[in-house]
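Me: I want each label justified. Show me the model, then start with the term for residues hidden from solvent.

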Amino acid sequence: MKNSRRSFLKNTGMAVMAAGFIPRVLQAAALAPAKKTSLIGIQLYSVRADMYKQPLETLKALSEMGYQYVEHANYVNRKFYGYSATEFKKVLNDLGLSMPSGHTVMKAGHWDKAKNDFTDAWKYTLDDAATLGQTYVISPWMDEKLRHSYDGLMLQLDVFNKSGELCKKHGMKFGYHNHDFEFTEKINGTPIYDLIINHTDPELVIQQLDFGNMYGSGGRAKEWIDKYHGRFPSLHVKDEIKSAGKGEMNDGYDSTTMGAGEVDPKALCLLAKKVSGAHHFIVEQESYQDKTPLQCAKINLDIMKTWGLV
């Protein structure tokens, strides 16, 4: 499909569903987290068309392939793919699945400046995530108007930390998922991703590193994993090939099955597991070449099972 995840988040109604500087010495304290169970899951945006048409059948197919973990990209009016949190938890449990993380865009309007508090809509988001037993509540986008000035970005990152504090009350952490602008846009000469990492508390906010989103814009995951040990417990695992068109991120690249492209996701996963304590390895593929989304999901799982991640 040519409709990219970025376009999906920016241009459709699904976008609502799908703090000072932290010194390096404080980062160091987070470099040796307690050992956590590793898992291989799938971002359900990988099979989005199937999920929208027949969610139960699609989840059943993923379970039968051997997936045990999924990550949502659809949360609208307190519903996950049309189900309440309690209903969706039962659906997953009945299929032997669980959902330890999910994507819901934190929008500027989720923070009420007048009340100095989150809106009920964001509080409900966390309540529902907790009902599903999530560990990480991840925002996969940042409004453009929030990232064009240093002061504006700092205010938003302070809100990220506050969301982390609210998540902590539920036994969860807040998370942020990168696209490409974090590596191409700078404020006062500093890449936005450096600012995001250095101004969020690692005890409250995790970074979910997406290998593929950054690739066509020149970002290389290895550099960031090496630079910020311990900051990437969750990964979006992708491989990338040159696109026949503009590509998913308008960067000339499309995602492909693991090992078929240029990224070397196996090496990146093993490095992140070693130096960052990475333990969530989430498959995401948005373009499928001559295969169906479900065929790609099966291929990716079978390949990743051979990498020694779990």
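Reply: A residue is buried when its relative accessible area is under 20%, exposed when it is over 50%, and partly exposed in between (1.4 Å probe, protein chains only). By that test, buried residues make up 56% of the 310 residues in the protein. The model is predicted: local features need pLDDT of at least 70, and side-chain atom pairs need 80 or more, while totals for chains, interfaces and linings use all residues. Residues are numbered from 1 along each chain as its sequence is written, and side-chain values use heavy atoms, without hydrogens or water.

Me: What is the accessible surface of the protein, and how much of it belongs to carbon and sulfur atoms?

Reply: About 12800 Å², with 51% belonging to carbon and sulfur. The areas come from the Shrake-Rupley method with a 1.4 Å probe; for residues, only the protein chains shown count as cover.

Me: How many helices and strands are there, and what makes a run count as one?

Reply: The protein has 13 helices and 14 strands. Both are DSSP runs, numbered from the N terminus: H or I over at least four residues for a helix, E over at least two for a strand.

Me: Which strands pair with β14, and how do you know?

Reply: Two strands pair if DSSP finds at least two bridges between them. Strand β1 (residues 39–43) has four bridges to β14 and runs parallel to it. Strand β11 (residues 234–237) is also parallel to β14, again over four bridges. Four meets the minimum of two, so both count as pairs. In detail, G41 stands opposite I282, and L235 has F281 as its bridge partner.

Me: Are the faces of strand β14 covered or open?

Reply: Both are covered. H280 and I282 are buried on one side of β14 (residues 280–283), F281 and V283 on the other.

Me: Why is K238 with E286 called a salt bridge?

Reply: The term requires a side-chain nitrogen of Lys or Arg within 4 Å of a carboxyl oxygen of Asp or Glu. The closest N and O atoms of K238 and E286 are 2.8 Å apart, so the pair qualifies. K238 is in the loop between β11 and β12 (239–242), E286 in the loop between β14 and α13, 48 residues apart. Both residues are buried. They also belong to a salt-bridge network with D210 and E284. A search of the whole structure finds twelve salt bridges.

Me: What makes D290 exposed but K291 partly exposed?

Reply: D290 has a relative accessible area of 68%, so it passes the exposed limit. K291 has 34%, so it falls in the middle class. Their side chains meet in a salt bridge at 3.3 Å, N to O.

Me: What sets D302 about one helical turn from K298?

Reply: They are four residues apart in helix α13, which means a separation of about one turn. The N to O distance in their salt bridge is 2.6 Å. D302 is partly exposed at 34%, and K298 is partly exposed at 32%.

Me: What makes a space a cavity rather than a pocket?

Reply: On a 1 Å grid over the protein atoms alone, a cavity is a set of points where a 1.4 Å probe fits but cannot get out; a pocket is an open set with protein on both sides within 12 Å along at least five of seven lines. Lining residues have an atom within 4 Å of a point. A volume is the space filled by probe spheres set on the points, which are joined across faces, edges and corners.

Me: Which residues line the largest cavity, and how do they class?

Reply: The cavity holds about 40 Å³ of space. Its lining is H72, Y75, F80, G102, H103, T104, T125, A129, Q134, V137 and I138. Strand β3 (98–103), helix α6 (120–131) and strand β6 (136–139) each give two or more. The classes are five nonpolar, six polar and no charged. Nonpolar means Ala, Val, Leu, Ile, Met, Phe, Trp, Tyr, Cys or Pro; charged means Asp, Glu, Lys or Arg; the others are polar. Gly is among the others, so G102 counts as polar.

Me: What about the second largest cavity?

Reply: About 30 Å³. Residues I42 and V283 are in its lining, along with Q285 and Y288 among others. Helix α13 (residues 293–304) gives the largest share, four residues. Six are nonpolar, three polar and none charged.

Me: And what is the volume of the second largest pocket, and which helix gives most of its lining?

Reply: About 230 Å³. Helix α7 (residues 150–168) gives the largest share, six residues. The lining has five nonpolar, three polar and three charged residues. K113, D158 and K162 are in it; Lys and Asp are in the charged class, so these three are charged.
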